[in-house]
Amino acid sequence: MNKKITFIMATLLLGSASYATVDITSVWQISHVQNTLDKAKDFSGVDGLGENLNRGLAYGKFGDKEYVFITTGSNTDGNAINYYDAGTGDWAGRLNMDPVNSSTLGSIHKIADIEIAEGKIYTVSLSVIGNSLDFCMWDGLNATPVITSLPETTDIRVEKLSIAGNIADGTAKLWIAGSTEGLGNPNPDKPVYIRHFALGKDGSISTSATDFGQVPDNNTLYNCTVNPDGSILVKGSHKALHMLTPDGSYAGNTQNMTPELTLSQTIRYIGTNPHNGRYYYLLNSYSNASGIFPGNGIVTKIYSMLPGNLHSFNCVAQCPTLGDLSGNMGDIDFKWKENDLYIYCLSSNNGFAAFKVTGLYDAPANRSNDHFTLLWENSIEGNNLPGFYSDLESDQDKTTGMAYGTVGGEKCIYIVKNLYIDPDQPKDWEDTWGPSGEYRKNIFIYDAEKGHIKGELSISGIWGREMHDATVTEDGILMTTFVVEETETMNAFSFPDNTHQGSLNDITFSYDSECPAFLGGNIFASGSVNQGTAKIYATTESETENYVYTFGMGAPNKWDGFYTEEEFTIPSSGKGHLTVKPDKSFYWNANGGKFLYCDGKQISESQSTLEGTAIRYILTQDGLDYLAVLNENKVDVYTLEPGKPDTKTLWASSPVLGNKPSIAGDIEIGIAADNSPILYVLSANNGFAAWKLNSLKATGNDRIAKQPETSVYFDLVSNNLIFSETVRKVDLFTMDGRLIRSASNVNTIHTNNKGTVIVRFTDQYGSSGTQKIMLR
């Protein structure tokens, strides 16, 4: 069999800490579930027009008393603002609403939100296009409200406000985010506007609005929160989270992350963690019977984000669900008392509650042991699971594959995720995530040294089967493939750079599969594309016997030069995982199947099994092979005599990444500056991490898996010799031995010479190489 195959290929020019367990307890709850709504005043689900009444909540301290304020705004029955003891939830009083309810403006517009700053109470009334924009301010609990109205016809719908800065020193601003929506009809041709109004030192509100920026979105229910660096996060109901830079420039959104984040409304910055510098937020998430998540009620969640890095937005913890009725209106506020966080949340149809959070900013816990040192993690156990890990626990939601390599001079981790678009979901989910019945595929890029997200590959235009895995060749070419069945075509796509918009028009070549099993679930690359030595190994998943296909190149840099070379029949069921040694022999393993060895020609007859799935060869030392094995939520390291699976012995185990069952995942191997192996471990439902094996050190005679064989090629455009990674030293000679030039710690070297030259270099691992290069 000598057929062409297809892989998706991407040529790219391309820290988080762990925390002790966060504890959340209920302080009090006033809700219909608790049968305590009779304690609430003026609290009702909807008014005569079917509109939600209870939309705004705020926490405030007046003297030595602390209160939670709830707004009830009605277009038919007027407005009310009641306040409750923040410690017990008991009703404590009602604000003076005269002249709010007696004014023409007040009788038209219901109060939709409330904020408290420095003893002053601010509200905004629901503003729809064509009407005025109205604010109220109470200078204390017993004050008469002052109405500030912008009577000119407004061009945006406003429902939320936020305040940042200090009133006393004149730096405070009142912020709004509004869509160009008219009575429930979003205008897709106009953006969402973010504006602010200056607050005087006496708390008065300016009537002059300043346009800060815009986000390309359209819907209702927008709000924004200001970060310490001056950037802005903007959240819309049923919409992605957007970010603006401190100068108001648009900085992107979380469109490709998780429906859980989309199913939310109010966002609020609450502080910066002193241990890792991440910004922390509260976010109200809601659901209903027809949404992508089952059940009803409001769930307040705590998220964190690296400053300026929207892709790092991830859930840290969540409060218990408030209520069980559907409804998407609500609000949140908070206070800090020493190191404890108190959260106050409102669900318009369910009630309101207080929760206490302890341990949120605790110092990093010790997540290492005698053999493993944790370098970084993004996991359940670390309370920093990435945002693209959904709460969906369906087997159709998959974060299964990982690749590691030096791409464009940077050491990167690539995480492969699939999200199945259920045809039964409402159409707005299809509009957001892609055609129903398809898999939304993402490849997220992480800094391998710090564990910080750098971005993602743009592959939104590629629809079809799942992607389960990715791999990087020794010269830094990222490759991935679909998983296909017999008679299906495995298409390949080529990405010229990291900003390319991948689509079905970018098919580079294809392989018409004749394999009687699912092919492409696990892939592994060795060799160099630029030198024409690249080889790809692909495994299958079957309930009977399995296969390993190997594909080699016909010529350097020739994408259509991959042809099938060999096919190995594996006498075992399960989803196959393999790892290739430097001599091109390989080990094969499957969950519930056999653990086997192939010398490159013949499969062993071993009946051995391994508890786990993904495997990676680490190194050979003192006559033993060291293998890393993914065992659900941790990694086990085994030793064995080379090529003899029956001699395996468990050598060490890492701490766990989380507590969820997970048979899917991946492992990659790197090397630290002190020559210790680094294990990059992905558990599909628990997260991923980098562990250093402190008790192993590679010597000059050890070959570590995935250690790149440094290659060099000549770029005709720039006249540069380009190395696949940084080299310690390089010398360039003419063919008769004359030194042209030398350089240290570089990955490129420029030359205007012509003809053939000799390149001698020492790579970062201490290995030396010599190549003849034709300069054209």
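The exercises below work through aromatic pairs, strand pairing and nonpolar cores in one predicted model.

Residues are numbered from 1 along each chain as its sequence is written, and side-chain values use heavy atoms, with hydrogens and water left out. Since the model is predicted, local features need pLDDT of at least 70 and side-chain atom pairs count only at pLDDT 80 or more, while totals for chains, interfaces and linings use all residues.

**Exercise 1. Classify the ring pair of tyrosine 303 and phenylalanine 313, and place both residues in the chain.**

Step 1. Rings of Phe, Tyr and Trp (its six-membered ring) pair if their centres lie within 6.5 Å, and planes under 30 degrees apart count as stacked, over 60 as edge-to-face and the rest as tilted. A search of the whole structure with this criterion finds 28 aromatic pairs.

Step 2. The centres of the rings of tyrosine 303 and phenylalanine 313 are 4.9 Å apart and their planes stand at 20°, so this pair is stacked.

Step 3. Tyrosine 303 belongs to strand S23 (residues 297-305), whereas phenylalanine 313, ten residues apart from it, lies in the loop between S23 and strand S24 (314-318); strands here are DSSP runs (E, at least two residues) numbered from the N terminus.

Step 4. Buried means under 20% relative accessible area, exposed over 50% and partly exposed in between, with a 1.4 Å probe and protein chains only. Tyrosine 303, at 1% relative accessibility, is therefore buried, and phenylalanine 313, with a relative accessible area of 0%, is buried too.

Step 5. Tyr303 and Phe313 form one aromatic cluster together with Tyr269, Tyr279 and Tyr281.

**Exercise 2. Lay out the sheet that contains S3, S4, S5 and S6, and find its edges.**

Step 1. Two strands pair if DSSP finds at least two bridges between them. The four strands form an open sheet with antiparallel pairing, in the order S3-S4-S5-S6.

Step 2. Strand S3 (57-62) and strand S6 (91-94) each have a single partner strand, so they stand at the edges and one side of each is left without a neighbour in the sheet.

Step 3. Strand S5 (residues 78-85) is joined to S6 by three bridges, and asparagine 82 stands opposite arginine 94 in S6.

**Exercise 3. Trace the partners of strand S12 (residues 173-178) and say how far the strand is covered.**

Step 1. Strand S12 is mostly covered, since five of its six residues are buried.

Step 2. Strand S11 (residues 161-164) pairs with S12 in the antiparallel sense over four bridges, and isoleucine 163 stands opposite leucine 174 in S12.

Step 3. S12 also pairs with strand S15 (residues 192-198), again in the antiparallel sense, over six bridges, where leucine 174 stands opposite phenylalanine 197.

**Exercise 4. Describe the largest nonpolar core and the surroundings of alanine 403.**

Step 1. A nonpolar core is a set of buried Ala, Val, Leu, Ile, Met, Phe, Trp, Tyr and Cys residues joined through side-chain atoms within 4.5 Å. The largest has 29 residues, and those with the most contacts inside it are Ala403, Tyr414, Ile443, Val472, Leu478 and Tyr549.

Step 2. Among the strands that each supply at least two residues of this core are strand S30 (397-407) and strand S31 (410-420).

Step 3. With neighbours within four places in sequence left aside, the contacts of alanine 403 (heavy atoms within 4.5 Å) include Tyr414, Val472, Leu478 and Glu668.

Step 4. Another core, of 22 residues, lies apart from the largest one and includes Leu619, Val637, Ile667 and Leu693.
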